[in-house]
Structures are given as structure tokens and as C-alpha cells.
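Grab your viewer and a coffee. Here are some exercises to work through, each with its solution.

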Amino acid sequence: MKKTFVMLSLVLSLLVAFNGVAQDEKPGKNKAKKELNDADKAAKKAAKAEKKAAKEATMTDDEKAAKKAAKAEKKAAKEATMTDADKAAKKAKKAEKKAAKEEKKSASTDATKQAAVEDRMAKARAAKAAKKVAADGAATTDNATAKASKKADEVAGLKDDKMSKSAKKNADEKVAKLPKEEKATPADYKAPVDKATKGPDGSTVYIGPRGGKYYINKNGNKTYLSSVKN
């Protein structure tokens with residue numbers, strides 16, 4: 001009895017496993033079958049369209065006109081047998097189809113407009129970025145020019161300052177080298193005379209107590225000829 005139960009359990013397990021595998025394989029088979037049917041339908045549709053085109057290519061204008069008239073007559077006969085409800089349903093279906101087409105077209109137009117807007121915004125951002133880069137470059141150039149000009153002015157100022165100091169120094173030296181004048185006193189006229197030297201206009205040159213040589217000009221001022229002062 002126990003052995004029989006074990007055998008039944010084993011068979012039942014195998015059946016469950018087989019059904020599971022079959023269920024797993026079934027969706028794949030259905031999918032493949034559906035894809036095959038879709039491919040067959042597409043091929044049949046293409047063949048039908050090709051056959052129709054070939055037939056129309058061999059038809060004369062009269063045959064085409066007759067076919068068109070028969071089609072219109074058939075359509076009129078069909079519409080004559082339609083009830084108002086059928087006509088309303090057909091009209092509603094046609095309107096629904098048209099609305100769906102318009103909606104699709106509108107969505108496509110909106111997507112195109114959105115893409116155009118985004119493209120314009122991207123171009124505007126790029127132009128703004130380029131303008132900023134150009135402005136930054138110009139500002140950098142201006143700053144560099146200003147710094148260079150300022151430095152040149154500073155150098156020129158230092159140079160002018162040095163030149164002015166040098167000129168002032170030279171002027172001071174010249175002034176220092178000019179003969180010193182003092183008001184002559186009676187004692188100055190009694191100083192020893194340097195007979196070997198003459199002053200301007202043949203003026204008498206006197207020798208001071210410290211060796212300085214001077215003459216007395218027309219204004220009565222004592223003017224030294226040497227750097228040694230009385």
C-alpha cells in the first residue's frame with residue numbers, strides 16, 4: 001500500500017511539472033504564432049495592393065469610369081437600405097475617426113512647435129553665452145589696457161619726477177655756483193689788491209682775510225669770485 005502511494009505521488013509530481021513547462025512554453029508559442037499571422041496579413045495586403053495596381057494599369061478609361069460608376073451605385077444602394085440609426089452611427093464613427101486624426105495631427109504640430117521653441121531657446125542661450133564670453137574678453141582687454149596705461153603713466157610720472165628732481169638739483173647747483181654778493185663795507189675797500197686778476201669791466205679784485213677774492217660792482221655790492229667767503 002505504501003509503495004503504491006509513493007508511485008502515485010511521483011506520477012502526480014511529474015504531471016504537475018509537465019503542465020508547468022507546457023504553460024511556460026505556451027505564451028512563447030502564441031506570440032510567435034501572432035507574429036507569423038501579422039506577417040502573413042501584411043504579405044497578403046501587399047500582394048492584394050500590387051494585384052489591384054496591376055489590374056488598374058491595364059484598364060482603359062471607359063472601364064475605369066464604369067467601375068467608378070458601379071461603385072457609386074453600390075454605395076447609393078447600400079445607403080438607401082440603411083436606417084437612420086445606421087446612418088447616425090456611420091456619421092458618428094466618421095466624426096470620431098476624423099477627430100482622432102485631427103488630434104494626432106495637433107499632437108504632432110504641438111510637438112513640432114515645442115521642438116521649434118526649444119530650438120529657439122537653445123540658440124538664444126548659445127548667443128547669450130557667446131555675447132557674455134565676448135564681453136568678458138573685452139572687459140579683460142580693457143582692464144589689461146587700463147593697467148598698462150596706468151603703469152605707463154606711473155613710469156612716466158616717476159621719470160618726470162626724476163627729471164624734475166635732476167633739473168632742480170642742477171638749478172640748485174648752478175645757483176650755488178653763482179657768485180655770492182654782499183654789501184661792501186669801508187673795510188672791504190682797504191683789503192689787499194690782487195693785481196694779477198681783474199673783475200668785470202676791469203674792476204679791482206681784492207683778497208679777503210681768508211683768501212677769498214672779490215670785486216665791488218657798481219651797486220656797491222661785494223661779489224666773490226671764489227667759493228671761499230670772507
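The exercises below start with the overall fold and end with single residues.

**Exercise 1. Take stock of the fold.** Work out how many helices and strands the protein has, and what pattern they follow along the sequence.

*Solution.* Before anything else, keep in mind that this is a predicted model. Now count: the protein has 4 helices and 5 strands. Walk along the sequence and you get α-α-α-β-α-β-β-β-β.

Next, look at burial and surface. The protein has 230 residues, and 9% of them count as buried. Its accessible surface is about 20100 Å², with 60% of that belonging to carbon and sulfur atoms. As for contacts with a separation of 6 or more, 30% are between residues 24 or more positions apart.

**Exercise 2. Lay out the sheet.** Find the strand order, and say which strands stand at the edges.

*Solution.* Go one pair at a time.

- Start with E2, which pairs with strand E3 (residues 204–207) in the antiparallel sense over 2 bridges.
- From E3, 3 bridges lead on to strand E4 (residues 213–216), again antiparallel.
- E4 then pairs with strand E5 (residues 221–224), antiparallel over 3 bridges.
- Finally, E5 pairs with E1, antiparallel over 3 bridges.

Chain those together and you have an open sheet of 5 strands in the order E1-E5-E4-E3-E2, with antiparallel pairing. Strand E1 (181–183) and strand E2 (193–198) each have a single partner strand, so they stand at the edges, and one side of each lacks a neighbour in the sheet. On average, neighbouring strands in this sheet are turned by 40 degrees against each other, if you ignore direction.

**Exercise 3. Check the turns.** Which glycines in the two hairpin turns have a positive phi?

*Solution.* Take the hairpin of E3 and E4 to begin with: 5 residues lie between the strands, and Gly211 in the turn has a positive phi of about 95 degrees. Then move to the hairpin of E4 and E5, where 4 residues lie between the strands and Gly220 in the turn has a positive phi of about 80 degrees.

Now try the loop between E2 and E3, where you'll find Asp201. Asp201 isn't a glycine, yet its phi is positive too, near 60 degrees. Is Asp201 buried or exposed? Exposed counts as over 50% relative accessible area. Asp201 has 74% relative accessibility, so it's exposed.

**Exercise 4. Trace the tyrosines.** Find the residues in the ring cluster and see how they line up across the strands.

*Solution.* The structure holds 2 aromatic pairs, and ring pairs link Tyr206, Tyr214 and Tyr224 into a cluster. Follow the cross-strand partners. Val193 stands opposite Tyr206 in E3. Tyr206 in turn stands opposite Tyr214 in E4. The bridge partner of Tyr214 in E5 is Tyr224.

There's a charge to add to the picture: the charged end of Lys222 sits over the ring of Tyr214, 5.1 Å from the ring centre.

**Exercise 5. Look at both faces of E5.** Sort the buried residues of this strand by side.

*Solution.* Start from the usual rule: side chains in a regular strand alternate between the two faces of the sheet. In E5, Asn221 and Thr223 are on one side, while Lys222 and Tyr224 are on the other. All of these are buried, and both faces of E5 are covered.

Zoom in on Asn221, which lies in strand E5. The cut-off for buried is under 20%. Asn221 has 19% relative accessibility, so it counts as buried. What does Asn221 touch, leaving aside neighbours within four places in sequence? The contacts are Glu181, Glu182, Lys183, Ala184, Tyr215 and Ile216. As for Thr223, this residue in E5 is the bridge partner of Glu181.

**Exercise 6. Finish on a helix.** Classify Lys67 by accessibility and list its contacts beyond four places in sequence.

*Solution.* Place Lys67 to begin with: it is found in helix H2 (residues 61–81). Lys67 has 42% relative accessibility, so it counts as partly exposed. Not counting residues up to four places away in sequence, Lys67 touches Glu56 and Met59.

Key:
Residues are numbered from 1 along each chain as its sequence is written. This is a predicted model: local features need pLDDT of at least 70, side-chain atom pairs count only at pLDDT 80 or more; totals for chains, interfaces and linings use all residues. Side-chain values use heavy atoms; hydrogens and water are left out. Buried means under 20% relative accessible area, exposed over 50%, partly exposed in between (1.4 Å probe, protein chains only). Contact means heavy atoms within 4.5 Å. Accessible areas come from the Shrake-Rupley method with a 1.4 Å probe; for residues, only the protein chains shown count as cover. Rings of Phe, Tyr and Trp (its six-membered ring) pair if their centres lie within 6.5 Å; planes under 30 degrees apart count as stacked, over 60 as edge-to-face and the rest as tilted. A charge sits over a ring if NZ of Lys or CZ of Arg is within 6 Å of the ring centre and within 35 degrees of the ring normal. Two strands pair if DSSP finds at least two bridges between them. Axes are lines fitted to C-alpha atoms, for helices over the stretch in contact, and angles run from 0 to 180 degrees between N-to-C directions.
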